[in-house]
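Reader: Before I set anything up with this model, I would like to go through a few of its helices and its enclosed spaces with you.

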Amino acid sequence: MPLAGATQTDRQSWLPLILVISLFFLWGGANNLNDVLIAQFKKAFVLSDFRAGLVQSAFYLGYFLVAMPAGMYMRRFGYKSAVVFGLALYGVGALLFWPAAASATYGLFLFALFVIASGLAFLETSANPFVTLLGPQETATRRLNLAQAFNPLGSIAGILIGQHFIFSGIDHSADQLAAMSVAQRTAYYASETQAVQWPYLVIGIVVLCWALLIVLTRFPKATASHATTILAGGGGVLRRLLRDRRFVGAMFAQFFYVGAQVGVWSYTIRYVQATMPGTSSREAANFLTAGLVCFMVGRFAGAALMKYLAPVRLLMAFATVNIALTLFAVFQPGAHGAYALVACSFFMSVMYPTVFALGVEGRGDDERKLGSALLVMTIIGGAVLTALMGAVSDQSSMARAMIVPACSFAVVLLFAWQRRRNALEGEG
């Protein structure tokens with residue numbers, strides 16, 4: 001499915017391409033602000049780790065439920081319309097944080113996050129396959145890794161916003177809270193809840209303005225490829241995809257990878273505070289910021305390494321390292337374990353775009369669009385495994401909860417090994 005103007009950087013195509021790449025930045029910020037919200041809401045609403053983890057559950061449930069409708073919408077109305085609709089949902093969800101904070105209602109916050117995630121499902125379903133089409137098929141995986149390198153820039157921005165504009169730096173112990181009067185405790189909880197209002201108001205306005213900018217920008221039109229015509233003669237697109245072991249394997253790998261990534265990032269602040277007593281949430285956020293910097297560096301490094309190593313081999317190597325790092329965090333809680341989680345982000349960097357690109361590799365237009373929606377649906381792993389980690393932490397410890405991402409990286413390793421074996425058999 002070639003795009004008119006996509007093979008040359010002329011005055012008609014450079015602006016749309018920049019706007020598409022910017023989407024990776026925008027949803028990176030939204031994703032990682034959740035890691036701040038988990039710690040903030042745990043404090044403001046006095047939640048268990050499991051209930052605080054529902055922040056990610058509500059968020060990624062939106063991805064799961066809306067990804068398929070987003071794919072159908074994109075097939076009917078095109079990439080640009082899907083992007084604009086997604087940004088509109090994102091902006092409205094961010095604006096809902098104001099009444100949620102004013103009423104101090106945790107359920108309304110979860111609903112607002114669901115709306116934001118629904119918008120991001122539209123953005124990811126459209127932007128990821130779009131990038132794989134902007135050049136030769138043989139470099140699609142490396143190109144998507146490079147575009148995804150802008151995602152952690154947004155992630156870092158999200159953490160910095162949370163660290164400096166949401167976290168107050170005031171973390172009272174249970175004994176200190178017990179010593180307060182009812183009025184003092186109520187005022188403290190209210191101030192912590194309302195800290196999210198202005199940051200999300202600004203985010204909502206910026207996102208809606210960005211949607212307007214895209215509406216006013218002329219995008220290159222997509223045309224169906226010959227491959228689509230060939231594939232149209234077979235059975236249903238969905239049936240073909242779900243009968244394809246390689247694609248189903250990519251779905252499983254993406255489910256567990258996203259669960260591992262979201263789990264590690266969501267609980268980094270909690271891990272630091274639980275294993276390094278006396279560390280404030282604002283100080284603990286520095287570890288998460290460092291991890292996101294490693295993630296960004298890993299994206300660029302991974303894209304460069306793929307010039308010399310097959311993407312699937314790099315995926316195998318990085319998954320192996322991350323199994324070791326997360327197990328180290330389990331058995332060596334404290335500063336060393338926290339540093340291992342920071343390093344883990346570097347090796348997570350190539351996983352999502354590589355699994356995604358391998359999943360849609362060599363497919364026609366309809367299979368690529370529907371396959372993209374199915375792969376985005378697997379982001380529900382972020383909801384399932386984060387809640388599971390919270391439950392393990394409540395029953396045991398935050399350090400032991402890291403066994404969940406360790407097992408998840410093992411699934412990614414198995415997927416990469418299987419794809420590598422299939423490739424070798426094909427060459428033979």
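Reader: How far apart are the end C-alpha atoms of helix 21, residues 381-395?

Author: This is a predicted model, and the helix can be checked against an expected length. Because each residue should add 1.5 Å, the 15 residues of helix 21 should span 21 Å. The distance between its end C-alpha atoms agrees with that, at 21 Å.

Reader: Which residues of helix 21 are buried?

Author: Here buried means under 20% relative accessible area. By that cut-off, the buried residues of helix 21 are Gly-381, Gly-382, Ala-383, Leu-385, Thr-386, Ala-387, Met-389, Gly-390 and Ser-393.

Reader: Which residues are closest to the centre of the largest cavity?

Author: The count comes to five cavities of 30 Å³ or more, and the largest has a volume of about 190 Å³. Its lining is made up of 16 residues, which by class are eight nonpolar, six polar and two charged. Helix 1, helix 3, helix 8, helix 14 and helix 16 each give two or more residues to this lining. The lining residues closest to the centre are Asn-31, Glu-124, Asn-151, Gln-261 and Tyr-352.

Reader: Which residue's side-chain oxygen reaches the backbone nitrogen of Arg-246 at the start of helix 14?

Author: Helix 14 has 22 residues and should therefore span 32 Å at 1.5 Å a residue, and its end C-alpha atoms, 31 Å apart, agree with this. At the start of helix 14, the backbone nitrogen of Arg-246 has a side-chain oxygen within 2.9 Å, and that oxygen belongs to Asp-244.

Note on methods
Residues numbered from 1 in each chain as written. Predicted model: local features only at pLDDT ≥ 70, side-chain atom pairs only at ≥ 80, totals over all residues. Heavy atoms only, no water. Helix = DSSP H or I, 4+ residues; strand = E, 2+ residues; numbered from the N terminus. Expected span 1.5 Å × (residues − 1). Buried < 20%, exposed > 50% of the residue type's maximum accessible area, 1.4 Å probe, protein only. 1 Å grid on protein atoms, 1.4 Å probe; cavity = no way out; pocket = protein on both sides within 12 Å on 5 of 7 lines; lining within 4 Å. Points joined across faces, edges and corners; volume = space filled by probe spheres on them. Nonpolar A, V, L, I, M, F, W, Y, C, P; charged D, E, K, R; others polar. Polar contact = N/O pair within 3.5 Å; in protein donor to acceptor, adjacent residues only side chain to side chain.
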